[in-house]
Every structure is written in C-alpha cells, then in structure tokens.
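Student: Please take me through one part of this protein slowly. I'd like to start with a single helix and then see what surrounds it.

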Amino acid sequence: MNVLVLGSGGREHTFAWKIAQSPYCTTLFVAPGNSGTASVATNLEISVTDFEGIKSAVLNHNIEMVVVGPEDPLVHGVHDFFLNDDALKHVAVIGPQKAAATLEGSKEFAKEFLYRHNIPTAAYESFTAHNLEKGFSFLETLSPPYVLKADGLAAGKGVLIINDLEEAKSELKNMLVDSKFGAASTKVVIEEFLDGIELSCFVLTDGLHYKILPTAKDYKRIGEGDTGLNTGGMGAISPVPFADEVLLSKIEERIVKPTVEGLKKDQTPYKGFIFIGLIVVNNEPLVIEYNVRMGDPETEAVLPRINTDLMEIFMAINDQTLNTINLDINPQTATTVMLVSGGYPEAYDKGKTISGFDSVQEALVFHAGAKHSNGEVVTSGGRVMAVTAFGTDYKIALEKAYTEVSKINFEGMNYRKDLGFDL
C-alpha cells in the first residue's frame, strides 16, 4: 500500500527508514520531511496541520495509510478529519482521535485521567490568571523544588522546575498573566516534585489490545550532568539498564493496563502510540506525563531494535488484531546521540553545511533539522542529526556512537558527551 508519514524530524526519518524496508509498502511519502526522508521516500511540501493539503495528497497519490509523527496534528484532530470525510474514511490513520489526544494537549486533562483511573502520579492543582493568589498559596504548602507545567502544548519547553519560592511565584505570574508560553500557559498545573530517576515507556494499542515496546531513557538538558536549559532531547538509551523484571511488571500492572482500560471506559478510541513518561521513586513507578505519539530522540533508539515489520504492526492496529502480532526485539542496547546547532535551545543560526555523515558506517544516522540546499545538506533546525549505534551494553554502544559522531561536522555543532552518566 501507499503510505504517508506526517512530520519532519528525526522521529519521522526513523519511521520512514523502517517502513521503507517493508514489502507491504509500495510507495512512501513524507510531509514535509527532511533531507534524510528524501533518501527513502518522496517528500511533499505540506504542513502537518494543513488538513486540506494532506487530503489532496492522499487522494492524488492513492495513499491508504497515514502515520502521524508529531503531536500537533493529533491534538488538532487529524484522525477525526479523516473519519468525518467520505473520501478519506477508508484510510488507516495511526494516531489517536482528538479526544484521546487531549492526554497530551492538556496537562490538567491528563492529571484528571490519572486520578480517575487510580494510576500513580504526583499530587497537583491547576490555576488560571483568575485565581493566581490561590496558586501562590498552593506553592506555599509545597516543599521545594516547585514544578510548574503549562497546560497546553509548548513544544516540550513548558515545564519549569524552580528551587526558590519567590521565583516560583514570579514565574507562575509570568506564565498566567504575561503569557510566557502563549496560549499554552493560560492554565498552569502545579505539581509536587518527585525525586527519582526517569524513564520512558512506549505502548502500542489498537484500542482493544496493547504491546509494550522497549523502554528508553532520554536526556533533556543541554548541558553535561543534566544542567542548563531543557531541550527537545539530547540523546537516548534503550533499554534502560535499571528497568528489571520487577519494575517492568509494576509498570505494566499499575500503569499500562489501567491506562488502556481507562481509555476504553472513557470511550475514547485510541489507535497508535502512547508514550508514558515515568519517574521511579523508591522502586515505585509514577506517571509524570502522557504523550500521544513516539518520543524524539527515543524513537531513534527504540525503533531500530524492533525486528518485526512495522507495517505488519500498523495494519494490525488498524484492524484491531494487535494481539496476533509477536514483537521480535533485538536484545542489544541502542544509544542515540543528538547533534544540535550552536546556541540551541536558544537562538541559533541555520543553513550551515553538514559534512561527513555519509562516511558513518558503524551507526545509523537519522536527519532531523536538516534539508537539501544547492546540492548540499544544511542545518534547518535546532536538533540536526541523531546518531544511533548498537552494543552488548550501553557503554559499548555509546563508545561506538561517539566514534561515528566524530566523523560528522557543521559549524557550531554541539552534543552531550556524558550520556549514560547516571546509569
């Protein structure tokens, strides 16, 4: 069948790379794509939220399946758009409908879901500009550090963790009154801080059944030792070494099963990926957040470990026969190092020529913020390329990844050299 992947990052290049290997895929398109997706698919210059443009492409190219990479089109209802259009409703869409996508679109909605279905998470309250003083009072009842989360989508940057009470009050005002994160912070969720180690759990569901994908750990901070500003992700390791059978069993029984059952009980149809951000405190897993798609850069570490044909999995999701699929997982560890533009996550230059990536042999290179320009591949975003290597453990895999990273160059290139330091 003809397939369209929506998105333009490293996650979408990884999806395209994997889908292109399947005999079930006849022709592959990516919208809008990047320089990496162009090597395995046909890029279409269409925004992921231009639903009419996507409809035209689907009809023009006889596309039978759409795989949604990023959260924006899901939260804005791309799946519903297909279901409600007679010309499109036969097309398989991998990604939840709008109601379920609110799990990522609203932090408050997600917290209410967690409480309603007795899924372990941090205590919280939510506030708007109208009850700012109550927000201040709630902060005073908590012990530092203070966790402030913009309710809506803020491109992974809407969470602040602050040690000082007065600074936390000031930032709460910045978010609610001064629109620090725009419309995303018209409501702010304040949470108790949980001190533990984080990991990501990825679940595939067809709405009836589920499969748990390999765990991963990503590194969000720009600086060594997890210091500095939050980014979209500086690297990932899969599987997580500390996630033993006991912990994985707790995650499945206390979090994954009640999440899938909760979606059924709430009558919110879900076909696609559920990303569950977890924190482990005293060997007990709690949910930090839900995302309604695969994470990035975790995708670049998790997907290459799945030997099963991805198209077979997606077709089973569409048919609600996911229970018939047997996931074959590579037992080796995959590590992903993200190469970013100088200055990222703050202001950075674009259009820098990237060299050496075609000489990488012992790792996979996934393009993210990179595009073709005048016969060259140049930077077009903050996170530019992801380099994924395999090894019998994470240290060996990282060593291999860093060796291959040294072959790639662009002006201002930056990356974390200490991934795995906390493992």
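Student: Which residues are exposed on the other side of α7?

Tutor: They are Glu-133, Lys-134 and Thr-141. Before we go on, keep in mind that this is a predicted model, where local features need pLDDT of at least 70 and side-chain atom pairs count only at pLDDT 80 or more, while totals for chains, interfaces and linings use all residues. Residues are numbered from 1 along each chain as its sequence is written, and side-chain values use heavy atoms, with hydrogens and water left out.

A few words need pinning down. Helices (H or I, at least four residues) and strands (E, at least two) are DSSP runs, numbered from the N terminus. Buried means under 20% relative accessible area, exposed over 50%, and partly exposed in between (1.4 Å probe, protein chains only).

Now back to the helix. α7 covers residues 132–141, and its buried residues are Leu-132, Gly-135, Phe-136, Phe-138 and Leu-139. Look down the axis of α7 and these buried residues fall within an arc of 160°, so they line one face of the helix. (The arc is that of the directions from the helix axis to the C-beta atoms.) What do the buried residues of α7 pack against? They pack against β6, β7, α8 (165–176) and β9 (187–191), where contact means heavy atoms within 4.5 Å.

Step back along the chain and you reach His-130, in the loop between β6 and α7. His-130 is exposed, with a relative accessible area of 82%. Compare its position with Leu-176: the two are 46 residues apart in sequence, and 8.9 Å apart in space from C-alpha to C-alpha.

One of the packing partners, β7, is worth following. Strand β7 (residues 146–150) runs antiparallel to β8, and four bridges join the two. (Two strands pair if DSSP finds at least two bridges between them.) Tyr-146 has Ile-162 in β8 as its bridge partner. In a regular strand the side chains alternate between the two faces of the sheet. With that in mind, look at β8 (residues 159–162): Leu-160 and Ile-162 make up its covered face, while Val-159 and Ile-161 are on the uncovered one.

Another helix lets you try the same way of looking. In α5 (residues 98–105), the buried residues are Ala-100, Ala-101, Leu-103, Glu-104 and Gly-105. They pack against α3 (71–75), α6, α9 (245–265) and β17.

That last strand, β17, takes us to an open sheet of four strands, in the order β11-β10-β16-β17, with antiparallel pairing. Its edge strands are β11 (210–212) and β17, each pairing on one side only. From one strand to the next, the twist averages 30°. (For angles, axes are lines fitted to C-alpha atoms, for helices over the stretch in contact, and angles run from 0 to 180 degrees between N-to-C directions.) Within this sheet, β10 (residues 197–205) and β16 (residues 272–281) pair in the antiparallel sense over nine bridges. As an example, Thr-205 has Gly-272 in β16 as its bridge partner.

There's also an open sheet of five strands, ordered β12-β15-β18-β22-β19, again with antiparallel pairing. Here the edge strands are β12 (217–218) and β19, and each pairs on one side only. Two bridges join β12 to β15 (residues 235–238), and Asp-218 stands opposite Ala-236 in β15. Helix α12 (residues 394–405) lies across β15, β18 and β22 (383–391), running at about 35° to β18.

Finally, check some loops. Pro-297, between β17 (284–291) and α10 (298–302), follows a cis peptide bond from Asp-296, with omega near 25°. Pro-345, in the loop between β18 (333–340) and β19 (364–367), has a cis bond from Tyr-344, with omega near 15°. Asn-118, between α6 (107–116) and β6 (124–128), has a positive phi, near 55°. Asn-118 is exposed too, with a relative accessible area of 68%.

Note on methods: The arc is that of the directions from the helix axis to the C-beta atoms.
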